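I opened this entry to look up how the ligand is held and what else the side chains do. My notes follow the structure.

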Amino acid sequence: MNRQEWLSKLSALKSDFDRAVSEKKLSQDIERDFLSKKGSLSLLLRELSSFSIEEKKELGSLGNDFKKSILEYLSASPDNISKSKVSSDLDLTLCGYPYPHGSVHPITATTEKIISSMSKLGFSLEYGPLVEMDYFNFEALNFPPDHPARDMQDTFYLPHKDERGSDYLLRTHTSPVQIRTMQSRKPPLRVISTGKVFRSEAVDASHSFVFHQLEGFCADKNISMSDLKWTMESFIKDMFGSAAKIRFAPSYFPFVEPGAGVEVSCVFCSSHKGKCPVCKSTGWLELIGAGMIHPEVFKACGYDPMETSGFAFGAGIDRFAMLLYGITDMRQLFENDLRVLKNL
Ligand code: PHE
């Protein structure tokens, strides 16, 4: 390429640039077309390497003047969008589209309420494994092998045995946490535990093969049934309001003696005038199993039952959640229906 050709190439590029400006090309496109590594002006300036020193000076300065004018144009108009019609429709002060946000699941919310309520009474939180050993789930809790009480809690067994030759199973209740805690710590103890439990149950409005339990126990000196009653009453009033009353009915669990069912006065009767579907108009709801810890359980944990006494209680968290949130069918808790999840 000689000097004359170079100059006419430059003037062609100038006309290209004027056209791009009049067509309101985007500044990023203009920059790419002229100034990028393979842009037309960059390529033309590179041609100067084969010219004489005088020509390099003369043509280089013409080329650089043109480059400068492009850069000035680009910096004055950093983005041609601001001049286009689109920009006049774009209102950056408008709110965004609302995005649905999640909420805490009723079971999680109820579990948190329970934990906070029990912590006010001085109970700390422990967790236990969901895959449990027969020893912790049954045997140490005074359910010997073949004891008929095992039938109350049929479960899912795993095809493995532990080093004692005891089966692995999905825990049927949170009571094994009592044993695990007492075997690793010394009294005085005030402990609760929450979590999933499993039973071989057909699913219906009030049963499921997986549900959630609260466990609590106290082990100390001179603990009596009146400590259990006071604890239950304080807890229930905190959960359902100060108008709630409790009463004890006899019940059976192998790991407590005596055993009790703690019934709570139905807080829904008043809004159902006569026919209450929640308590079936009995006025009471059985919500908690409880009792004084059996001497055999203390022995299995290495405690002397003549020295240590205590109470234990257990309750279904799903049942509490249903009462607190007005859910009538347990299955609704697990179907991820947004109407249930949002209505909180
Ligand atoms: N573990 C018992 C159950 O699941 C409940 C319970 C716990 C009863 C503690 C008494 C004491 O049915």
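These are my notes on the ligand site, then on the salt bridges.

I worked from a predicted model, in which local features need pLDDT of at least 70 and side-chain atom pairs count only at pLDDT 80 or more, while totals for chains, interfaces and linings use all residues. Residues are numbered from 1 along each chain as its sequence is written, and side-chain values use heavy atoms, with hydrogens and water left out.

**Ligand shell.** I looked up the residues around the ligand (a heavy atom within 4 Å of it) and found 13, of which H173, S175, R199, Q213 and G314 come nearest. By class, I noted five nonpolar, six polar and two charged residues (charged being Asp, Glu, Lys and Arg; nonpolar being Ala, Val, Leu, Ile, Met, Phe, Trp, Tyr, Cys and Pro; polar being the others, Gly among them) in this shell. Strand β10 (309-316) is one of the elements that supply at least two shell residues each, as are β6 (210-220) and β9 (284-293); strands here are DSSP runs of E, at least two residues long. The largest share, three residues, comes from β10.

**Polar atoms.** I found a side-chain N or O atom of S175 at 2.9 Å from a ligand nitrogen. For R199, a polar side-chain atom lies 2.9 Å from a ligand oxygen. For Q213, a polar side-chain atom also lies 2.9 Å from an oxygen of the ligand.

**Salt bridges.** I searched the whole structure and got 15 salt bridges (a side-chain nitrogen of Lys or Arg within 4 Å of a carboxyl oxygen of Asp or Glu). One of them joins D16 and R19, with the closest N and O atoms 3.3 Å apart.

Key. Polar contact = N/O pair within 3.5 Å; in protein donor to acceptor, adjacent residues only side chain to side chain. Helix = DSSP H or I, 4+ residues; strand = E, 2+ residues; numbered from the N terminus.
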